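Got your viewer open and your selection tool ready? Let's take a walk through this fold, one stop after another.

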Amino acid sequence: MGWTKSTRRKLSLLIITAIVLTFLAFIFLLYTERITTISRFKLNCPKRNSADDRSLESDSIDNPGDDILDFDPDECSVNHGKWIFNSSIKPLYTDRTCPYIDKQYSCIKNGRNDSYYLHWEWKPDDCMLPRFDPEIALRKLQGKRLMFVGDSLQRNQWISFICLVESVIPKDKKSMKQGRVHSVFKAKEYDATIEFYWAPFLVESNTDIPIKSDPKQRIIKVDSISQRAKNWLGADILVFNTYVWWMSGLKTKALWGEFENGEEGYEELETAVSYRVALRTWANWIDSTIDPSKTKVFFTTMSPSHQKNKEWGNVNGIRCFNETRPVTNKGHWGTGSNKEMMNVVASVMRRMKVPITVLNVTQLSEYRIDAHTSIYGELQGKLLTNEQRADPLHFADCIHWCLPGVPDTWNQLLFAYL
């Protein structure tokens, strides 16, 4: 029996309806999957700039372990950011609780009355820097040698690192042996050492062992490093710096060969030229000696000095004396940080075979005019007298940093990279 026209029309309508409903269901599923995928991407994105993410940022501050998981050095430009005042911040140590701080850096102990400089934290623009966790840091150093190599600012950072971790180590499980050139802190429980080696130029000179304070007497052996570097062998983590000792004049006395004829054999070169030759000597030693599968190498960029108060707009000030707040002008850069020298570092490292992790502390430190030792430090091993403190124009130290202070942030960055 054949289908009637009416029946055939109804059947066609049902088929068309079924096809349309199936198509709509398929579209709905695609849309739902797309929303789910976008949501997942947003949750995993390391950048946190929106207001909706502020609660996530706060949660991570309370959970340092989460910070470490979030931090990605390839995604985070740590030198772009700002200092945020946080009165709830309590440093992990003070210059009274940490027994290893030199008098040179013990600002509160030496009479500094304001403590605002202790409550600023560095916030990169596009990520979160993990809080320093002493126990996690020590676990990362288990069975290893961490060695800081460089000048007194590198020593500043070395002492900061020790003070950040030593409070969680029992008294009978730690020791310190201080030497004129090589100093070693031991965390016996972790079979770890945190060491400092004095080498302000990295390469050899006639002025650092023993120290000659007169820059005119300094002759730098720019092509020789082996006598210093043999003491760095066997370290698992090396952290280098060299800058401030180079900045004593427009020219430096550079020598190739032996020191015996140094008074006759040196050449006066532009400082940036000598710096480049010396850094190439260092780079050649690293490339020819260091096995990157066994040793990780860091380089701390230049620490700025703040000698010219007019550069940050305080025309009535005296260098860094009595400064109590960081500079807020975004991208502030003073003459205490030499861009030509920084470019030398970048150009030398681009040619190296061994990967170098750069701790770029310069820009974030440029803002911190308030955190130097100023008149609360030492001069040639002695605390400043009352007469000297009354003359900050000549005696304020606007190079070194109070501890606790800015070098703790440098080590927070190092901790994130470890």
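**Stop 1: a pair of opposite charges**

Start by selecting Arg-155 and Asp-102: they form a salt bridge, with their closest N and O atoms 2.9 Å apart. Keep in mind as you look around that this is a predicted model. Now trace the chain between the two partners. Arg-155 sits in helix H5 (residues 152-166), while Asp-102 is in the loop between strand S1 (81-85) and strand S2 (120-124). That puts them 53 residues apart, so this pair links distant parts of the chain.

Is Arg-155 buried or exposed? Its relative accessibility is 15%, and because buried means under 20%, Arg-155 counts as buried. Asp-102 has a relative accessible area of 19%, so by that cut-off Asp-102 is buried too.

**Stop 2: more salt bridges**

How many salt bridges are there in the model? The count comes to nine. For another one, select Arg-112 and Asp-114, whose closest N and O atoms are 2.8 Å apart. Arg-112 is buried, with a relative accessible area of 6%. Next, pick Asp-370 and Arg-368: their side chains meet in a salt bridge at 2.9 Å, N to O. Both of these residues, Asp-370 and Arg-368, are buried.

**Stop 3: the nonpolar core**

Time to leave the charges behind. Select Ile-194, Trp-232, Phe-240, Trp-282, Ile-286 and Phe-299: these have the most contacts inside the largest nonpolar core, which has 97 residues.

Now zoom in on Phe-240. Which residues does Phe-240 touch, leaving aside its neighbours within four places in sequence? Among them are Trp-232, Trp-282, Ile-286 and Phe-299, which you have just selected. Phe-240 is also in contact with Val-149, Gln-154, Leu-202, Val-297, Phe-298 and Thr-300.

There is a second, separate core as well, made of 10 residues. To find it, select Tyr-117, Cys-320, Ile-375 and Tyr-376, which are included in it.

**Stop 4: a sheet of four strands**

Switch to a cartoon view and look for an open sheet of four strands, in the order S7-S8-S10-S11. The pairing in this sheet is mixed. Its edge strands are S7 (204-205) and S11 (267-270), each of which pairs on one side only.

Further in, color S8 (residues 219-221) and S10 (residues 251-254): these two run parallel and are joined by two bridges. Click on Ile-219 and you'll find it opposite Lys-253 in S10. Then add helix H8 (residues 271-289), which lies across S10 and S11 and runs at about 100° to S11.

**Stop 5: a loop beside the strands**

Where is Asp-214? Look in the loop between S7 and S8. Asp-214 is partly exposed, with a relative accessible area of 30%. Its side chain reaches the backbone nitrogen of Lys-216 at 3.0 Å. Try a distance label from Asp-214 to Ser-248 as well: they are 34 residues apart in sequence and 9.5 Å apart in space, C-alpha to C-alpha.

**Stop 6: a covered strand**

For the last stop, select strand S17 (residues 397-401). This strand is mostly covered, with four of its five residues buried. Which way does S17 pair with strand S14 (residues 372-374), parallel or antiparallel? The two pair in the antiparallel sense, over two bridges. To see how they line up, show Ser-374, which stands opposite Asp-397 in S17.

Conventions
Residues are numbered from 1 along each chain as its sequence is written. This is a predicted model: local features need pLDDT of at least 70, side-chain atom pairs count only at pLDDT 80 or more; totals for chains, interfaces and linings use all residues. Side-chain values use heavy atoms; hydrogens and water are left out. A nonpolar core is a set of buried Ala, Val, Leu, Ile, Met, Phe, Trp, Tyr and Cys residues joined through side-chain atoms within 4.5 Å. Buried means under 20% relative accessible area, exposed over 50%, partly exposed in between (1.4 Å probe, protein chains only). Contact means heavy atoms within 4.5 Å. Two strands pair if DSSP finds at least two bridges between them. Axes are lines fitted to C-alpha atoms, for helices over the stretch in contact, and angles run from 0 to 180 degrees between N-to-C directions. A salt bridge is a side-chain nitrogen of Lys or Arg within 4 Å of a carboxyl oxygen of Asp or Glu. A polar contact is a pair of N or O atoms within 3.5 Å; within protein, one must be able to donate a hydrogen and the other to accept it, and residues adjacent in sequence count only if both atoms are side-chain atoms.
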